[in-house]
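Hi,

Here is the model I promised to pass on. Have a look at it first, and then read my notes below.

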Amino acid sequence: MDEGALMNFLANVSLLLLLIMTAAGAVLVKDLIGAVLILGSYSFFLALTWAWLGAVDVAFTEAVVGAGLATVFFLLTLFLTVPREKQGQLPRVQWPVFVGLPLLGALLLFVATDLPEFGDPASPPNTHISPVYLENSLKDTETPNVVASVLMDYRSFDTLIETVVIFTSGIAAALLLWRKKS
Amino acid sequence: MIYAHDSLIVQTLSRFIIPLIQLFGFYVLFFGQYGPGGGFVGGVIIGTSLIFGVLVFGLDPSRSAMVNRVLHGDGLGLLIFAGVGGLCLIGGGEFLNYADLQIPGMELATRRYFGILLTQIGVATDVAVTAISIVMSLSLTEKNEEPNGPNH
């Protein structure tokens, strides 16, 4: 293994370890404000992972939404409630879990060997329609960022419905929280 | 309601920082066709700067007229997006096919560029107003002091 591949491997493994640690911490920590902050750092490491994989747009969105906006919403919600998890009885783990989950994991690992290698130019996602977008985006739409042209032009129906989802979230929050003064 | 932050340092500094965040948000929004970013991220950054202002300077929903109006703005971004799509229908075009926008003296590719820009502004408006409206909805609820959880 040469030096570049080793560095790549080490960075991948350390990012994965940080992701697992922060995710587990967000679940296990009893203090809810601490859990929210750990969840924000989880989003940050996830954004680093996306950037490492070359998906800069996704990394940007994950950093801004996951580490920024969602954390603020969680904190504002916590200020309205008790910022402490209730002491409850943890459910007993049944024995089928110890048999079923490793079996499921082994099955997933077995199937994962059939997936195309990361960055393989001959894989179906890279040969089906992506080359059409990559070649025609600048000519068709004068937009060098192919992600923007795919999102807003070639696939604008999807984005329209996603905008409806965001609109619905705002309306739903208002419907749940707005009360007339009694 | 959300009370104002009582530190003078925080208030003075945020007067400088909030416009900078908004400038960066507009940069991300309008640079989205050349680099990473775009309407969604730009809208979130602008919305976050508005939330920052609310958290620092406080918000009393019973006194603020904006609280009642912000929900009307919630649909504005969606209206811009779908409206641009609807404008493409004029002259027998297809919905959301920006090449059918009837703008005289503009190349087909430039029309699609223009359509992408307009719809990104729509998405950014929708996201920013939704973010601030969720915070205003949260500010309308008073803190529940009951230790046993909500009782209504």
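What share of the 152 residues of chain B counts as buried? For chain B the figure is 47%, where buried means under 20% relative accessible area, exposed over 50% and partly exposed in between, with a 1.4 Å probe and protein chains only.

Some ground rules before the rest. This is a predicted model, so local features need pLDDT of at least 70 and side-chain atom pairs count only at pLDDT 80 or more, while totals for chains, interfaces and linings use all residues. Residues are numbered from 1 along each chain as its sequence is written, chains are lettered from A and ligands numbered from 1 in the order in which they are written, and side-chain values use heavy atoms, with hydrogens and water left out.

Chain B

You'll find 5 helices and 0 strands here, counting DSSP runs numbered from the N terminus (helices are H or I with at least four residues, strands are E with at least two). The radius of gyration of chain B is 20 Å, against near 15 Å for a compact globule of 152 residues; that value is taken over C-alpha atoms, and the globule rule is 2.2 Å times the number of residues to the power 0.38. Along the principal axes, its C-alpha atoms fill a box of roughly 60 × 40 × 25 Å. Of the contacts in chain B with a separation of 6 or more, 64% are between residues 24 or more positions apart, a contact being heavy atoms within 4.5 Å.

Chain A

Chain A is helical too, with 8 helices and 0 strands. Its radius of gyration is 22 Å, where a compact globule of 182 residues would have one near 16 Å, and the C-alpha trace spans about 60 × 50 × 35 Å along its principal axes. Buried residues make up 25% of the 182 in this chain. As for contacts between residues at least 6 apart in sequence, 47% join residues at least 24 apart.

Where they meet

The contact takes 45 residues from chain A and 53 residues from chain B. The two chains bury about 4300 Å² between them, and carbon and sulfur atoms give 72% of that; buried area here is the accessible area (1.4 Å probe) that two parts lose on being put together, summed over both. L78(B), R112(B) and L138(B) supply 13% of the area that chain B buries against chain A, more than any other three residues.

R112(B) sits in helix α5 of chain B and is buried, at 14% relative accessible area. Beyond its neighbours within four places in sequence, R112(B) touches D140(A), T141(A), D153(A) and Y154(A) across the interface, plus Y98(B) and A99(B). T119(B) is also in helix α5, residues 108-140, and is buried with a relative accessible area of 0%. With the same sequence neighbours set aside, T119(B) is in contact with M152(A), F81(B), V84(B) and Y98(B).

Two backbone oddities

Most residues other than glycine have a negative phi. E142(A) is not a glycine, yet has a positive phi of about 60°; it lies in the loop between α6 (130-141) and α7 (146-154) of chain A and is partly exposed, at 33%. L96(B), not a glycine either, has a positive phi of about 65°. L96(B) is in the loop between α4 (76-87) and α5 of chain B, and is buried at 3%.

Cheers
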